[in-house]
Amino acid sequence: MLNYIIKRLLLLIPIIIGVSIVVFMIVHLIPGDPARIMLGERATAADLARIRAELGLDDPVYQQYFRFLKRIVKGDLGTSIMTNNPVGEELLDRYPATIELTIFSMLIAVLIGVPAGIISATKQYSLFDYISMSGALLGVSMPIFWLGLMLIWVFALQLGWFPASARISVGVQLDTITNFYVLDSILTGNWTALKDVLWHLFLPGIALGTIPMAIIARMTRSSMLEVLSNDYIRTAYAKGLSKRVVVYKHALKNALIPIITVIGLQAGILLGGAVMTETIFSWPGVGKYSFDAIMARDYPVVQGCILVLSITFVLINLLVDIIYGFIDPKIKYN
Amino acid sequence: MTSSNIEAPKQGTDLDVPAQEGESSSLWKEVGKRLLKNKTAVFGLGIIVTLIIVAILAPLLAPYRPTETDIISRLKAPSANHWLGTDELGRDILSRLIYGSRISLQVGVISVSIALVFGAILGLIAGYYGGYLDNLIMRIIDIMLAFPSILLAIAIMSILGPQLKNAMIAIGIVNLPRFARIVKSSVLTVKEEEYVEAAKALGANDSRILFKHLLPNCMAPIIVQATLSIATAILEAAGLSFLGLGAQPPTPEWGAMLSAGRTAIQVAPWVVAFPGLAIIITVLGFNLFGDGLRDALDPKMKDN
């Protein structure tokens, strides 16, 4: 198992190098003069020269790439053109907001999607099955940004039940330790803040979690149906085991592998969807940051955001691969 | 695969093609029959066909021109004059949605075609030749899959610049890995078949084997994937346009309409609601049809 993890970690190196090449190319493949595009038409010659020197745009491309790689390994992601602050620091401030939202959405997706899929499979062609699978089909066909806007319109603007933006209400005090607000409010025992933070998480969490929820529910249903049609399930029933034991102990365990694969893949949808969800809900995370950077043509920030979100995705996939080992004893690690 | 060696020996055709063709035409007939029995798939197909008709007849169906502004009737609620209301520039939303169907269909088909053609070529090469080429192609695919897809599309768009044409290219590239993988795995199973051996023995060159023998036998999963990918491509294009990276104003693209209307959501929710519904219905159509197609091609799955 340890060998497998080490091997898997080593395999990450070429992937991460590949990701860094793509991110590097964002600036270098822009047609025309990257310095002028970044600074705009009104940039002075001095500014242009400074940016060129800073990015080393006059050197051969491979030298520029190695310099870029050396910088990012040290955690230096360059300087934001919008704010003149180091991109690394700004990302660090925003990263917890994105991860918190992503985890919350994933929880919603799994906690609703998996049970809905199981019930649908055990009660195939029932009313519940039809309703939940129609809902799931609608969920996978829905643009996330539209769902977000509709949630804001109904639950924030019309009913006023939930806030439409921000992570915490203006008047609520919270001492931040980790910048994960849920965790911080638990650590400091600040239950008022916890309630407020969860209240703010709700709408963006639903918006971001709906598509994964739909996909997970569909996958759970089909995976369960496939397992439930096996002979050993009939045998288990024949032995006189209760439906509960058969479904949850025999069937679910074997249906889990594809479900977990699909859950892992949702991480990509969540991290990518964060760009839109955070923009709509003015959520101060990496997603909104990247949107603002795209609008402002702040390329160092765009690069930093894409790099950080992609590497997060790669690491989540690694985690999913490792989890397989614990669930499926049939997987051999060599 | 140079054009000089496309001229393959003639003797191969007589021997291997007829048997295959007879087999495949009856397979597709069978699939068609199963598909027509599937109500939801037929419903999906109905949506797609309606959409195509609307797109073709757009100038006849739309009550107004899609870019015709009328400042006096800005943000008007749905009424007899404007069935779905008007947007922030007083343009008729229904007319814009009708014209927008052209864009969405175009985006879906073109970007999936890009993904399919390049993905299939890469998959064929990787699966057929194996070894070094396979390794190289698959590592590149792995790197592409290391990005959340919309982020990769954003990265490509920030290189190419915000334009609808570029959005189609970006979405094409982002969806290419799936086709490459599907084709590669199909090729791996098909290439050991006897008829491929026979074609080789008869002196057929590589491009003939790849495109005449291997590709047609990978068609079923490719078609299913293409249908479902059109659904995702439409969603992704709308997303890019929503972020301001795809279609630019005044193009009546559904995602761009949604984006432009979102500041007015409090006073005129229809500006946001209807383009979203148009996207959902379209994507639903392709999803239903794609699901039905998959079930029809793999009847074993349906029985479950």
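1. A good place to start is the link between the chains: the side chains of Asp291(B) and Arg218(A) form a salt bridge, with 2.9 Å from N to O. This is a predicted model, so please read every value here as computed from it. One salt bridge is the full count between chain B and chain A.

2. Now for the interface as a whole. On the chain B side 38 residues take part, and they touch 48 residues of chain A. The area buried between the two chains is about 3700 Å², and carbon and sulfur atoms account for 77% of that area.

3. Which helices bring Asp291(B) into play? Asp291(B) belongs to α12(B), and this helix is in contact with α6(A). Helix α6 of chain A spans residues 127–140 and helix α12 of chain B spans residues 270–297; they pack at an angle of about 115°, with their axes 9 Å apart. The crossing is right-handed. From α6(A) come Leu137(A), Leu138(A) and Val140(A), while α12(B) supplies Ile280(B), Val283(B), Leu284(B), Asn287(B), Leu288(B) and Asp291(B). By class, this contact holds seven nonpolar residues, one polar and one charged.

4. A word on chain A itself. Its secondary structure amounts to 13 helices and zero strands. Along the principal axes, the C-alpha atoms of chain A fill a box of roughly 80 × 55 × 40 Å.

5. One backbone detail in chain A deserves a look on your screen. Asn179(A) sits in the loop between α7 (144–158) and α8 (181–187) of chain A. Phi of Asn179(A) is near 70°, a positive value in a residue other than glycine. Most residues other than glycine have a negative phi.

6. Chain B has a backbone detail of its own. What kind of peptide bond joins Pro249(B) and Pro250(B)? The bond is cis, with omega at about 5°. Pro250(B) is found in the loop between α10 and α11 (254–261) of chain B. For context, most peptide bonds are trans.

7. Helix α10 of chain B, residues 219–242, also packs within its own chain. Its axis and that of helix α7 (residues 164–190) of chain B come within 10 Å and cross at roughly 155°. Because of that angle, α7(B) is roughly antiparallel to α10(B). The crossing of these two helices is right-handed. On the α7(B) side the contact includes Ala167(B), Ile171(B), Val174(B), Arg178(B), Phe179(B) and Ile182(B); on the α10(B) side, the partners include Pro221(B), Ile222(B), Ala226(B), Thr232(B), Glu236(B) and Leu240(B). Sorted by class, the contact has twelve nonpolar, five polar and two charged residues.

8. Last, a helix pair from elsewhere in chain B. Helix α4 (residues 93–129) and helix α5 (residues 131–145) of chain B pack at about 140°, their axes 7 Å apart. Is this crossing left-handed or right-handed? For α4(B) and α5(B), the crossing is left-handed. Leu122(B), Ile125(B), Ala126(B) and Tyr129(B) of α4(B) meet Gly131(B), Leu133(B), Asp134(B), Ile137(B) and Met138(B) of α5(B). That contact divides into seven nonpolar, one polar and one charged residues.

How values were computed
Residues are numbered from 1 along each chain as its sequence is written. Chains are lettered from A and ligands numbered from 1 in the order in which they are written. Side-chain values use heavy atoms; hydrogens and water are left out. Axes are lines fitted to C-alpha atoms, for helices over the stretch in contact, and angles run from 0 to 180 degrees between N-to-C directions. Helices (H or I, at least four residues) and strands (E, at least two) are DSSP runs, numbered from the N terminus. Angles under 35 degrees count as roughly parallel, over 145 as roughly antiparallel, 65 to 115 as roughly perpendicular and the rest as oblique. A crossing is left-handed if the near helix is turned anticlockwise from the far one by less than a right angle, and right-handed if clockwise. Contact means heavy atoms within 4.5 Å. Ala, Val, Leu, Ile, Met, Phe, Trp, Tyr, Cys and Pro count as nonpolar, Asp, Glu, Lys and Arg as charged, and the others, Gly among them, as polar. Buried area is the accessible area (1.4 Å probe) that two parts lose on being put together, summed over both. A salt bridge is a side-chain nitrogen of Lys or Arg within 4 Å of a carboxyl oxygen of Asp or Glu.
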